[in-house]
Amino acid sequence: MTQGLPETLPLAQNIPARLDHLVLNTHYDIDAAHAQLQALGFTLTPRGYHTLGSVNHLVMFPGGYLELIGQPRDSDKVRQEILDSPLGLDGLVYAVADVPACHDAWQALGLVVQPVQHFSRPVLLDGVATDARFSTVRLIPGQFAAGRVYACHHFTPELVWRPEWMGHANGVQGLTSMLVTDADPEATRAAYARLGEWEDGFALEFADAAGLQARFGGLAAFAPQRPAAFAALRFSGGDLSRISAGAQALGLPLHQEPQRLVVALPAFQALFEFLG
């Protein structure tokens, strides 16, 4: 169950929530994650290098996106936060227009927040490197037991949401939900609701171990076995045959129905669900 939150937290009234991105933490294995998603038919952005020391690839959609993040083995700058966090789905990132205001609003809710952080990474376009710049505010880990929760503002969205990166060979159109597992899913649902109500076609879903098993059957064994976790992503659209062929070529466990495909990524303790 969500930990570390005062039972008397005030509710956030009528606050809309928009997804910026979700994070798949690969630790040192970002190359393997990149290869798997590429084989499933996703377009990934070129490797990005954060000033914080981490590297990433993005799977871009018109709305929120999926970030693969990792730590280079040969870097003299270690982003310890990445290595200290669980492998797999480990980041729920809200889109906000004003990061300092979000910091203050979350603090007013009784949450414990880190200082606002500013960083960048170069993006190479037509041979010219331009810095994509961001500000974030992160909750102190442990307040939401399933994973890291933070907010982000993009100062240079035109360097991230590029049309050449938003088309995918597998036909997937976007992210529609993430499943949060917890022994007390209703209490956890109420805890996340304090951060706002989703309004952009994305939603959080909640289930206990029995609910995870009921939804995914034997593939539930490839989700994180922790008491609380970000367990699965649901995508909209997509050519299920194309995705299935890519998964089979990699030997990934899968379950296919006429209008639904679930692919497990065992190395990253994540389930991807596609609705055709």
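Two strands are said to pair here if DSSP finds at least two bridges between them, and the strands themselves (E, at least two residues), like the helices (H or I, at least four), are DSSP runs numbered from the N terminus. The model on screen is predicted, so local features need pLDDT of at least 70 and side-chain atom pairs count only at pLDDT 80 or more, whereas totals for chains, interfaces and linings use all residues. Residues are numbered from 1 along each chain as its sequence is written, and side-chain values use heavy atoms, with hydrogens and water left out.

**The whole chain**

Begin with the entire protein in cartoon view, where there are six helices and 16 strands. The C-alpha trace spans about 50 × 50 × 35 Å along its principal axes. The radius of gyration, taken over C-alpha atoms, is 18 Å, which agrees with the value near 19 Å that a compact globule of 276 residues would have; the globule rule is 2.2 Å times the number of residues to the power 0.38. If you colour by burial, 52% of the 276 residues are buried, where buried means under 20% relative accessible area, exposed over 50%, and partly exposed in between (1.4 Å probe, protein chains only). Contacts, meaning heavy atoms within 4.5 Å, reach far along the sequence: among those between residues at least 6 apart, 70% join residues at least 24 apart.

**The eight-stranded sheet**

Next, select the open sheet of eight strands, whose order is 3-4-5-2-6-9-8-7 and whose pairing is mixed. Its edge strands are strand 3 (48–49) and strand 7, each of which pairs on one side only.

**Strand 5 and its neighbours**

Now select residues 65–70, which form strand 5, and ask how many of its six residues are buried. Six of the six are buried, with Tyr65, Glu67 and Ile69 on one side and Leu66, Leu68 and Gly70 on the other, so that both faces are covered. In a regular strand the side chains alternate between the two faces of the sheet.

Add strand 4 (residues 55–59), which pairs with strand 5 in the antiparallel sense over five bridges and is joined to strand 5 by a hairpin through five residues. Here valine 59 stands opposite leucine 66. Then add strand 2 (residues 19–25), which pairs with strand 5 in the parallel sense, also over five bridges. In this pairing leucine 22 stands opposite leucine 66, while valine 23 has glutamate 67 as its bridge partner.

**The strand 7 and strand 8 hairpin**

Move to residues 117–125 and 128–138, strands 7 and 8, which pair in the antiparallel sense over nine bridges. Leucine 124 stands opposite alanine 129 of strand 8. The two strands form a hairpin with two residues between them, and in the turn aspartate 126 has a positive phi of about 55 degrees.

**A loop residue to finish**

Finally, select glutamine 143 in the loop between strand 8 and strand 9 (149–154): is this residue buried or exposed? Glutamine 143 is buried, because its relative accessible area is 4%. Draw a distance from its C-alpha atom to that of threonine 156, and the separation is 30 Å, although the two residues are 13 apart along the chain.
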